[in-house]
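Thanks for sharing this one with me. Here are my notes, set out point by point so that you can follow along with the structure open beside you.

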Amino acid sequence: MSDMLETISHTWEIPLRATVDVAVIGGGSAGVAAAAAAARNGASTVLVERYGFLGGTSTAGMVGPFMTSYTPDGKRQLVGGLFQEVIDRMVAMGGAVDPGTTEAGSAWASFIELGHANVTPFHVEALKMATLEMVCDAGAQIRFHTSFVDVVMDGERIRDIIILDKAGLGLLRPKVVIDTSGDGDIAAKAGAPFEVGRREDGKMMPVTLFLTIGNVDDARVEVWMREHEQLHPGERLFECIVKEARERGEWTLEREFLNIYREPTPGQWRVNSTRIQNVDGTNPDDLSRAEIEGRRQAWELIRFFRSHCPGLEHAQLIATGTQVGVRETRHILGDYVLNGQDVLEGHKFEDGIAQCSYPIDIHDPQGPRGRLEGIHADHYEIPYRCLVPRQVNNLLVAGRPISADHEGAASARVIPPCYATGEAAGTAASLSIQQGMTPRDLDVKLLRTRLREQGAIV
Ligand SMILES: Cc1cc2nc3c(=O)[nH]c(=O)nc-3n(C[C@H](O)[C@H](O)[C@H](O)COP(=O)(O)OP(=O)(O)OC[C@H]3O[C@@H](n4cnc5c(N)ncnc54)[C@H](O)[C@@H]3O)c2cc1C
């Protein structure tokens, strides 16, 4: 125990590796969009990513499909710009289905109606390539296998970013930093205030290890679902089978039904059904426990599919995520905090830079179910102020950790708005450098005009 409490002081000589306009830290959905937008708007841009490919939770975590990017009635697209560009690239590769064609309640949507129209099923390898091409074509430099370590502050400004790569520690010196680490790692180190999980008790949503299975009889799964929803309206996929197995003591997972989504490849489905509680995605011990437990649950699912689920009798495990998917950690506090009421009532803002209609989707931090509550409007907006952290002057945050409370984030965390906030942050970073001002002081009208010119929907 005394070993764990010991700290040492150590001095390093750290070489300066690059001086750039914009450093984007984290190459997930938000980071890809931020880097491409910053570079296209003329900023010298570096994208730092700890893995050897882009996409983050949507590739390393194998999370998908992209949730809805349309209004709930499916009539109007809400997220375009770089998000749609990535989809178009994947469709051209034969690796995705355009969200304009996918229906709520279909196999693409795991037979779920609410908030699940116009999803985008995609192949993970197609997404890795489409995002890579988009960022490279934009002219951003990518530093793979590079981890963010710390910041060097100059008052309320980040002067340097300390990174770790195969050559050791190094420094990046950017004018503006965009935190797209998913967890707000950079903002937290820079001293921006944040909340963790639910405000009342700090509890976070459970994590899930995704898997892809193959050799599925697609038609049989569909027939089972259609027969059962007629007999028991509202029943979810294989819910009665799971219930009976639990009563017999043959099901130990903390789930009441199976959440599986058809992929573009016939016979292949994405499985969102493991669940590990009490994991803080910023705590290395918790993450290690989650990876071990997630993989154990993945194999329990495979055995269960084969022995109990019509259409899945011959299912093969094709892949598990490189890492567990983390739904919630830090919410970085910005100049505005998006809340559940904003989402449900469809609030619009003068500085709106992204639109979303996805329901509040909370996986219960303490139990098997959750809350999926649809919005009472055609969409809500995310204000630019949610991207501007308090107390740090040259930093923007995009993606999952933007300034939102537990309920607000439970909607805005899905992939389409992560792209939209990433595109806004990258564009804002570049414009603010051109205007010689901090991102906080940027004229939002100018930003909104530029976003529209780029094809983003604001
Ligand atoms: C289990 C689960 C199921 C979900 N289901 C869906 C769904 O079906 N559809 C949907 O649209 N959304 C879904 N979501 C939400 C969505 O997937 C995420 O919120 C979204 O992908 C987050 O994107 P991001 O860019 O903010 O972060 P991420 O995609 O997590 O990207 C962060 C990036 O930063 C990198 N990084 C982190 N720390 C460092 C560091 N120190 N140094 C260098 N790089 C670093 C990571 O490797 C990663 O590439 C789900 C989420 C989870 C966890």
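1. A word on terms before the details: a residue is called exposed when its relative accessible area is over 50%, buried when that value is under 20%, and partly exposed in between. By that rule Glu200, with a relative accessible area of 65%, is exposed. Please keep in mind that this is a predicted model.

2. Glu200 also has a charged partner. It forms a salt bridge with Arg198, and the closest N and O atoms of the two are 3.7 Å apart. The two ends of this pair sit in contrasting surroundings: Arg198 is buried, at 13% relative accessible area, whereas Glu200 is exposed, at 65%.

3. Now the overall layout. The protein is divided into domain 1, made up of 16–98 + 121–203 + 328–453, and domain 2, which covers 211–320. Taken over C-alpha atoms, the centres of domain 1 and domain 2 are separated by 29 Å. Domain 1 brings 23 residues to the contact, and domain 2 brings 22 residues.

4. How much area do domain 1 and domain 2 bury between them? The figure is about 1,600 Å², with 50% of it on carbon and sulfur atoms. On the domain 1 side, Met62, Pro368 and Arg369 are the ones to look up, as they supply 36% of the area that domain 1 buries against domain 2, more than any other three residues.

5. What sort of residues does domain 1 present there? The side of domain 1 that touches domain 2 has 11 nonpolar, seven polar and five charged residues. Between the two domains there are six residue pairs in polar contact, with both residues at pLDDT 80 or more, but the count of salt bridges between domain 1 and domain 2 is zero.

6. Salt bridges do turn up when the whole structure is searched: the total is 32. One of them joins Asp21 and Lys175, whose closest N and O atoms are 3.0 Å apart. Asp21 belongs to strand E1 (residues 16–25) and Lys175 to strand E6 (residues 168–179), so this pair ties together parts that are 154 residues apart in sequence. Asp21 is buried, with 15% relative accessible area, while Lys175 counts as partly exposed at 45%.

7. A more local example is found in helix H8 (residues 284–308), where Asp286 and Arg289 lie three residues apart, about one turn of the helix. The salt bridge between Asp286 and Arg289 has its closest N and O atoms 3.8 Å apart. Asp286 is buried, at 16% relative accessible area, and Arg289 counts as partly exposed, at 36%. Elsewhere, salt bridges that share partners join Arg40, Glu85, Arg89, Glu133 and Asp137 into one network.

8. One last residue to look at is Ala412, which is placed in helix H10 (residues 406–412). Is Ala412 buried or exposed? Ala412 is buried, because its relative accessible area is 4% and the limit for that class is under 20%. Leaving aside neighbours within four places in sequence, Ala412 is in contact with Leu338, Tyr380, Ile382, Ile402, Pro417 and Cys418. The C-alpha atoms of Ala412 and Cys356 are separated by 7.1 Å, with their positions 56 residues apart along the chain.

Notes
Residues numbered from 1 in each chain as written. Predicted model: local features only at pLDDT ≥ 70, side-chain atom pairs only at ≥ 80, totals over all residues. Heavy atoms only, no water. Domains from an automatic or database assignment. Contact = heavy atoms within 4.5 Å. Buried area = accessible area lost by both parts, 1.4 Å probe. Salt bridge = Lys/Arg side-chain N within 4 Å of Asp/Glu carboxyl O. Polar contact = N/O pair within 3.5 Å; in protein donor to acceptor, adjacent residues only side chain to side chain. Nonpolar A, V, L, I, M, F, W, Y, C, P; charged D, E, K, R; others polar. Helix = DSSP H or I, 4+ residues; strand = E, 2+ residues; numbered from the N terminus. Buried < 20%, exposed > 50% of the residue type's maximum accessible area, 1.4 Å probe, protein only.
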